[in-house]
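Hi,

Here is the structure I promised to pass on. Have a look at it first, and then read my notes below.

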Amino acid sequence: MMNKLSRRAFLTKTGALALGVSLPLFSTKAQQTDVSSEHIDNKVSDKPYHNAYIEISADNKVDFIIPDIEFGQGIYTAVAMLLAEELEVELAQVRVRPALPNKIYVLPGEITEITWGSGSTAKDWLPLQHAAATLRELLIQAAAQSWSVSADQCRAESGKIYGPEDQSVVYGSVLQQAVLLAVPEHVELKKKENYKLIGKSQPRVDTPEKIHGTAIYGLDVSVGNSDIPNMKVGLIVACPVVGGKIAQINDQQARSIKGVHDILKLDDALCVVADHFWAASKGVEQLQIVWDFGKNVNVTTESIYQDLHNAAQHQAIVGYTNSAEKIETALGRATQRHKWAYQQPMLAHAALEPLNCTVYIHDERCEIWSCSQTPLWVQEQVASTLDLKQDYITFHNLFVGGSFGRRLNHHYIIQAVQFAKQVAYPLKCIWSREEDFAQDCVRPPYLDQVEIGVDGFGQLTALKHHIIGPSVTEYWDKDLLTKEGMDPDLLLGLDTMPYQIPHYQLNYTNCPLSAIRPGWWQGNGATRNIFVLESLINSLASKAQKDPIEYRKSLKLDTRALAVIDMVEQHSQWDKELPRGVGRGFAMAHVFDSYIAMIVEAEVTAMSIVRLHRVIVAVDCGFAVNPDQIAAQIESGAVIGLGAALYDEIQIKNGQIMQHNYNQYRVLRMNECPQIEVHIINSDAPPSGVGELGTVVAAPALSHAIGSVIEKRLSSLPLNHYLT
C-alpha cells in the first residue's frame, strides 16, 4: 500500500535512487488564469492538486504514476507527452505506471479518484506541465551549483543538463542535490512555438507491450508460487433476473467433471471452481439450478416502456431553465406549437474483454487484480464487505479491453470477493460473454417529451423538455442528486448547448425500474440528450423548409460552433447532390468543453439495408495534444455510436436480458464501417474532452440521413425498426 507523499521529495534506495515529486509543485497563479478549468462534468478545480507524482531513477528513466486508467483512450501517451515536453526528456524515456488507490490522487472538487467523462487530458494539462517544469528547474539549479555557475547559464535537453562550457550531466546524477533545494514559487512553461512533442502526432507508448503480448489485462493474471497456493479459475453463474435467488441446486454432475474442485454459493449466484476455464465451463453446463426469480419475473420491454409513459403523467421537477419567464407563457406567444416524443432503448456495454477479477484473501489481507474507473471506491467497498481496514486492501488496476462506462460499477468485484473469501487460494473469477451481458448495468431506457414554440418565420422561440426515466446517478451515489432530486447527468450537453433558445426549460420525472441495474454508458447523459436536441432541430429546419445548417446558424451560434460547422460543411461538399437513395444527415454538440459537428452519408437500399458511405467530422477540442489519437478516438466513438443507433437494443422478457452475445447485439462489422474523415480545428484553447464526442453526435446525424431518404421523422432508436 502506498503511503501518502509529502509535499517535498522522498529518497529511496530500493534498487534505484528515485526522486518523487508531488504535483503541487506548480504555480497556482498560472492555473487560476485558465478559465477553462471550470469543467461542469469533470469538476476540474482551479485549485492546486496533488494527485500524482513523477519519479526519476538513477539510470535516468522517468516514471509517471498515473491515476487515470488506460482503456483505449490513449491517456498514457498524452500524459507522457506533457511530462516529456516540460521535463525536456525524450518520450521514450518516460514510463507510465498505473497508480494504486490513494486519496492523494483525488482532485479538489472530485468525488473520488476517477477516470470518466473524457476529462483526463484536460485535468492533467496544466498541473502536469507545471510539475514537470518545476522539476526541470530544480535539476538545472542542482547542476549549476555543482559547477559553480549561474542556473541561467544552463539548459536542459534530452534528460541532461548542459553548462556554459559544454559540460553535461544526466538528471539521475543530480537527484540528491535537487531534492535539497527550495521549490521555486514560479516556473516558466515552454511557449507553444517551442513544443517538440505536444501538438505533433506521436505513437502510443503502450503499443509495443500490447503488440508483444506483455501488457497485463485481467485475464492474463496468474497468481501462485512456492509460498502462495496456485490460483484456480471460477466461472460465475448468477440469477438472470435482478432480485432473484437460488431456490434449489443439484451440483453432483458438475462436481464429477475432471478438474472441477468446488462449487461456491451465494444467495443469488454460483461459482464453479476448477483448474482452468474449460473445466469450469463444463461444470457450469452440468449444474441443475432452480431459481426463485422474485418480483421482476414478469417484467418485459413493453412493460418497462409502459412504466415510463405512466410516469410521464406524474409531477415533474424543474431541472434547468434559462429564463425567468414561465415556459407556458413563452409557448403561448408562439405562432406554431409542436409536441413530439422521443424514445431511446436500453443499451449494453458489450466490451470486448468480458468481466474478470482475481482475488486472494490471506492473513487478514485482500489483494485484487482487475480494473476500475474508481479504484478508491473498490477499496472502500471491499474493506466493508470483508470487515477489514481499508489499508489491508490492495487493488491492482490493470489494462482493460473496453469499458464504455461498465467499470464504474463494481458489483462484480464484490461478488468475486464474496466467493474468494470462501477459499484459501487465489481465485480468478470470470463471467462468460453471455453472463457479462446478462449481468450488465445497462444504459436505461428514456422517454423524452418536447413541446416547441416557433414564430412566424419558423424560428425556435421556446422549448419545454420533459425527460422521463431512471436516474443512473441515484443508483450510483444518490448524494450526488440535487436537493430537488435532479440528476445532473441528465443536463449534460443541454446546459451547454450551442444554440441561443430564448426560453428553455428542462423537467424531469424519475422513474426507477427495479428489473434493471442502471449504469453509465458511452457519453453519459450527453449521448441521449444530443439525440433529442439535434433531432428536433433537424425536424424544425425541415418544417421551416430551411437548410439544417443554415437554420442552426440562425440560432446565434458562438464563434467556435460556427467554426466546426464551416469546416465540416466545406469538407463534406454539403451542397453537392447525392445519388438516389443516399441521404445526408447533420448533428453537432458542445459538450465536455469541446465542439463537434458531424455529417453522415448513408444509403438505404431497396432491400431496406443501410450502407454507411462517409462520415465527416470537424472537432474543436482545444489545443490538440496528439492529433492522430484525437482522430482515432473520434473514429472509434463514431463507430460505436453508429452501430448502437442502427441496431442496438437490450430487450427484457420474463425479467431477463434477451441479448447474450454479438450475434444478438450488433456492433458495426468491418465491412459496414464507413470512411471517416476527422478534421481538427487549430485552437489555442486548453485541451478538452474527446473520447466520447464521436458517439454523442452519431445517432442524430445518422437518423437525419436515413430520415431524409425514407422521408420520415425518426424519433426512436434503434433506427432499424423503421426499416423492417
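Before the notes, one definition: a charge counts as sitting over a ring if NZ of Lys or CZ of Arg is within 6 Å of the ring centre and within 35 degrees of the ring normal. Keep in mind that this is a predicted model.

With that in hand, Arg528 qualifies: its charged end sits over the ring of Tyr446, 4.4 Å from the ring centre. There is also Arg666, which lies over the face of Tyr647 at 4.0 Å from the centre of that ring.

Now the rings themselves. Searching the whole structure turns up 15 aromatic pairs. One of them is Trp574 with Phe586, an edge-to-face pair with 6.2 Å centre to centre and 75° between the planes. This pair links distant parts of the chain, 12 residues apart: Trp574 is in the loop between helix H16 (559–572) and E23, while Phe586 is in strand E23 itself. Are these two buried or exposed? Both Trp574 and Phe586 are buried. You may also like the tryptophans: Trp116, Trp377, Trp476 and Trp520 form one aromatic cluster.

Strand E23 comes up again in the second largest pocket, whose volume is about 440 Å³. Its lining has 22 residues, and those closest to the pocket centre are Asn538, Ser542, His704, Gly707 and Ser708. Helix H14 (525–543), strand E23 (582–591) and helix H18 (693–710) each supply at least two lining residues. Which element gives the most? That would be H14, with six residues. If you are thinking about chemistry, the lining splits into nine polar, eight nonpolar and five charged residues.

On to enclosed space: the whole structure holds 12 cavities of 30 Å³ or more. The largest cavity has a volume of about 100 Å³. It is lined by 14 residues, with Leu347, Thr527, Ala644, Ala699 and Leu717 nearest its centre. Helix H18 turns up here too, as H17 (627–647) and H18 each supply at least two residues of this lining. By class, the cavity lining has eight nonpolar, four polar and two charged residues.

Last, the annotation. An unreviewed UniProt entry marks residues 212–295 as the domain "Aldehyde oxidase/xanthine dehydrogenase a/b hammerhead". In the model, that span is 18% helix and 36% strand, and its end C-alpha atoms lie 49 Å apart.

Cheers

Notes
Residues are numbered from 1 along each chain as its sequence is written. This is a predicted model: local features need pLDDT of at least 70, side-chain atom pairs count only at pLDDT 80 or more; totals for chains, interfaces and linings use all residues. Side-chain values use heavy atoms; hydrogens and water are left out. On a 1 Å grid over the protein atoms alone, a cavity is a set of points where a 1.4 Å probe fits but cannot get out, and a pocket is an open set with protein on both sides within 12 Å along at least five of seven lines; lining residues have an atom within 4 Å of a point. Grid points are joined across faces, edges and corners, and a volume is the space filled by probe spheres set on the points. Helices (H or I, at least four residues) and strands (E, at least two) are DSSP runs, numbered from the N terminus. Ala, Val, Leu, Ile, Met, Phe, Trp, Tyr, Cys and Pro count as nonpolar, Asp, Glu, Lys and Arg as charged, and the others, Gly among them, as polar. Rings of Phe, Tyr and Trp (its six-membered ring) pair if their centres lie within 6.5 Å; planes under 30 degrees apart count as stacked, over 60 as edge-to-face and the rest as tilted. Buried means under 20% relative accessible area, exposed over 50%, partly exposed in between (1.4 Å probe, protein chains only). UniProt positions are given in the numbering used here, feature names are shortened, and annotations may be inferred rather than shown by experiment.
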